[in-house]
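Me: I am new to reading protein structures. Could you take me through one, feature by feature?
Reply: Gladly; have a look at it, then ask away.

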Amino acid sequence: MAEIVIKNLRKDFGSFNAVKSSTFTIEDGEFFMLLGPSGCGKTTTLRMIAGLELPTSGEIHIDGEEVSQKPASQRDIAMVFQMFALYPHLNVRKNISYPLVSQGWPRQRVKQKVEEIAQILDITDILDRPVGGLSGGDRQRVALGRAIVRDPKAFMMDEPLGALDAEFRERMAEELRGLHDRMNATTVYVTHDQLEAMQMGDKIVVMNHGVIEQFGVPQDIYDWPATLFVAEFIGSPPMNFLRFGGDVTPKSKSIKLGEATVKVPHQHAAASGDLVLGVRPEHVSISDKAKYRGQVLASEYLGTTQIITIETQHGEIKVRAPSAQAVRDGEQVGLEFDARTLSLFDASTGQALISEANKGVLGHG
Amino acid sequence: MAEVQLTGVTKKFGKTLAINAMDLHVPHGAFVVLLGPTGAGKTTTLRLIAGLEEPDAGDISIDGRSVNRETPAQRDVAMVFQQYSLYPHMSVRDNLSFPLRSPILKTPEDEIKRKVQEVAEVLHIPHKLDNKATELSGGEMQRVSIGRALVRDPAIYLMDEPLSSLDAKLRADLRVELKRIHSEIGATLLYVTHDQIEAMTMATHVGVLDEGQIVQFGTPRDIYENPVSLYVAGRLGLPRINTLPASLFPGLPNEAVTVGLRPEHIHQGDGRDATVNRVEHLGDQTRLHLNLEGHELITLTDVHTTLTEGDTIKIKPENPLLFDGSGARLA
């Protein structure tokens with residue numbers, strides 16, 4: 001297994017710049033997520049690491065060796081795709097053995113290795129079945145088996161769960177993460193599903209338009225987004241934005257939102273003009289005594305919790321509340337914000353303002 | 001808009017019983033979601049109502065009129081499929097106008113124009129009307145195909161997982177949008193999905209399907225809080241309801257064989273020792289994977305919990321759901 005270091009990686013397709021200048025490090029044994037909307041450059045980044053695309057410029061170090069201009073075959077990396085391609089005329093055992101047989105492994109060792117892998121994947125009982133009749137889940141396991149049987153330096157996975165239905169995806173996500181924990185293999189995983197990234201990743205890179213917007217551990221990214229894009233991309237429902245005009249100085253501990261004063265984490269930077277207050281749905285509560293008010297538009301029942309949509313003078317916000325809390329559509333309610341959790345953004349740059357609370361995560365303040 | 005009634009409807013495909021003497025009532029103006037896993041009979045139910053399949057027994061009526069012998073066109077239903085099928089060479093406007101120009105409807109052109117504009121506004125796409133269908137994003141294409149159903153003002157809308165091919169963000173947006181469209185036009189909607197979030201957030205009524213039968217019908221809250229069986233209890237709720245043998249907890253009624261625990265049924269702080277297997281941070285919630293005397297369970301905890309793998313916490317059930325040996329709920 002290996003550490004992967006990416007430095008100033010860039011990829012152009014003709015005049016289109018797919019990846020601008022990425023720098024990040026994937027530590028040995030990490031489950032690493034490349035997250036972003038379609039067209040953000042995440043798959044291109046993955047393909048460059050795997051050697052399926054050559055970068056326009058920049059460096060890729062795998063296990064200390066610079067490989068950016070080497071062909072895929074010399075990088076010792078296994079790829080798992082969204083559409084698992086199995087040999088339909090071969091049985092499960094032969095599908096998994098294939099990479100070893102083609103490397104000229106002796107029969108006995110192949111057999112041993114395949115059985116070991118089958119045990120890890122819990123597919124020992126189907127080893128001699130043809131792949132044709134297998135369920136989607138088993139096919140996916142066989143495809144994984146074929147990737148891991150070679151003991152590569154790292155795994156590249158391109159939306160391996162994208163084609164599965166929601167229920168099954170949840171289960172396979174658990175399984176993949178469990179598998180990773182047993183093998184401790186460095187894994188780079190591409191997805192557009194933020195929940196998948198949060199759920200499975202040790203670290204996440206969030207990309208947009210070929211640029212890395214933020215890089216870090218999932219909970220930090222969720223709590224302290226570096227940009228408006230990240231704040232909106234991560235979380236479901238996403239972070240609420242209350243747009244207001246005002247000033248923030250390096251001493252500010254509160255902001256004026258209309259008539260109401262809202263406490264915020266101690267600010268470290270100055271900004272003025274169009275600003276945005278960012279608050280996660282679970283950090284707003286409905287409270288009669290709160291000064292800041294809004295009108296209930298709708299509520300969506302989710303079982304344990306509900307999402308209440310509220311119209312305020314600074315835009316619509318969504319509140320996650322216990323489903324036992326009764327609210328009526330059209331009702332005026334007071335809104336309390338959990339001061340320690342709030343983020344402020346500069347609307348023109350989209351960047352978060354550095355405060356006492358987020359400086360540890362965003363680190364450039 | 002109209003109501004739909006299925007009475008004792010049965011449909012077989014060869015030896016497979018797809019729909020088994022199903023009774024279903026879709027009230028006027030309701031948004032009914034049929035929820036069930038692959039193969040439960042959801043899509044077949046829609047196709048039977050649309051007239052794309054013929055029942056082997058039973059009666060289907062729309063607005064009190066038996067439609068068993070009517071063709072799909074006579075039934076006045078509109079269907080939206082999972083895969084949007086637009087005419088790629090036509091503009092959005094022509095795609096939306098197409099159903100109205102059919103020889104059966106023969107709508108006057110000025111009427112078509114008005115109707116298309118109206119629907120485009122409901123769908124928030126009036127500025128895209130003159131784009132070619134192929135110039136739209138996935139979400140816009142799916143909105144146009146929903147729009148193609150809307151222009152016709154049918155008695156009932158039938159939707160077969162219309163959001164499942166879209167990515168997570170778009171799905172969330174269109175969920176809100178569909179709910180809004182439903183309340184704005186006051187249509188009767190029958191919607192099929194295996195996605196429980198869609199069922200919970202959009203439906204006025206949820207019908208849970210199992211092996212070709214409706215096993216429970218009610219409001220989302222009803223189904224979540226008062227499931228009639230283990231099967232139904234497992235269809236709604238994330239993380240999924242935990243099921244443990246009743247013998248683990250003394251003092252329960254004799255008939256109780258299985259205890260169902262949703263996160264809100266697990267009190268943390270006193271009770272029995274459970275070991276933390278894993279802490280899963282999902283941002284807005286943190287899941288605890290626990291082991292209670294050899295049984296695995298998942299619950300929610302404080303987002304910024306300091307608990308880690310290997311820690312021990314005390315838990316006890318609080319108003320759990322109880323089930324008998326057959327999986328039926330004990331009241």
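Me: How many residues does each chain bring to the contact?
Reply: Two residues are in contact if their C-beta atoms, placed from the backbone, lie within 7 Å. Here, 22 residues come from chain B and 22 residues from chain A. Please keep in mind that this is a predicted model, where local features need pLDDT of at least 70 and side-chain atom pairs count only at pLDDT 80 or more, while totals for chains, interfaces and linings use all residues. Residues are numbered from 1 along each chain as its sequence is written, and chains are lettered from A and ligands numbered from 1 in the order in which they are written.

Me: Which elements of chain B give two or more residues to the side that touches chain A?
Reply: Helices (H or I, at least four residues) and strands (E, at least two) are DSSP runs, numbered from the N terminus. On this side of chain B they are α6 (168-185), α7 (196-202), α8 (220-225) and β13 (266-281). The largest share, three residues, is that of α8(B).

Me: And what classes of residue are on that side of chain B?
Reply: Ala, Val, Leu, Ile, Met, Phe, Trp, Tyr, Cys and Pro count as nonpolar, Asp, Glu, Lys and Arg as charged, and the others, Gly among them, as polar. The side of chain B that touches chain A has nine nonpolar, six polar and seven charged residues.

Me: Now a sheet. In what order do the four strands of the open sheet in chain B lie?
Reply: Strands of a sheet pair through backbone hydrogen bonds, either parallel or antiparallel. Two strands pair if DSSP finds at least two bridges between them. In chain B the order is β2-β1-β4-β5, with antiparallel pairing. At the edges are β2 (16-26) and β5 (65-66) of chain B, each pairing on one side only. Five bridges join β1 (residues 4-13) of chain B to β4 (residues 57-62) of chain B, and B:Gln5 stands opposite B:Ser61 in β4(B).

Me: How do α2 and α3 of chain A pack?
Reply: Axes are lines fitted to C-alpha atoms, for helices over the stretch in contact, and angles run from 0 to 180 degrees between N-to-C directions. For α2 (residues 92-102) and α3 (residues 107-121) of chain A, the angle is about 125° and the axes are 10 Å apart. α2(A) and α3(A) are therefore oblique to each other: angles under 35 degrees count as roughly parallel, over 145 as roughly antiparallel, 65 to 115 as roughly perpendicular and the rest as oblique. Among the residues making this contact are A:Ile96 and A:Leu100 of α2(A), with A:Val110 and A:Ile117 of α3(A).

Me: Is β7 of chain A buried or exposed?
Reply: A residue is buried if 20 or more other C-beta atoms lie within 10 Å of its own, exposed if 12 or fewer, and partly exposed in between; C-beta atoms are placed from the backbone. Five of the five residues of β7 (residues 154-158) of chain A are buried, so this strand is largely enclosed by the rest of the structure. In a regular strand the side chains alternate between the two faces of the sheet. In β7(A), A:Ala154, A:Met156 and A:Asp158 are buried on one side, and A:Phe155 and A:Met157 on the other.

Me: Which strands pair with β7(A)?
Reply: β6 (residues 77-80) of chain A pairs with β7(A) in the parallel sense over four bridges, and A:Val80 stands opposite A:Met157. β8 (residues 186-191) of chain A also runs parallel to β7(A), joined by five bridges, with A:Ala154 opposite A:Thr186.
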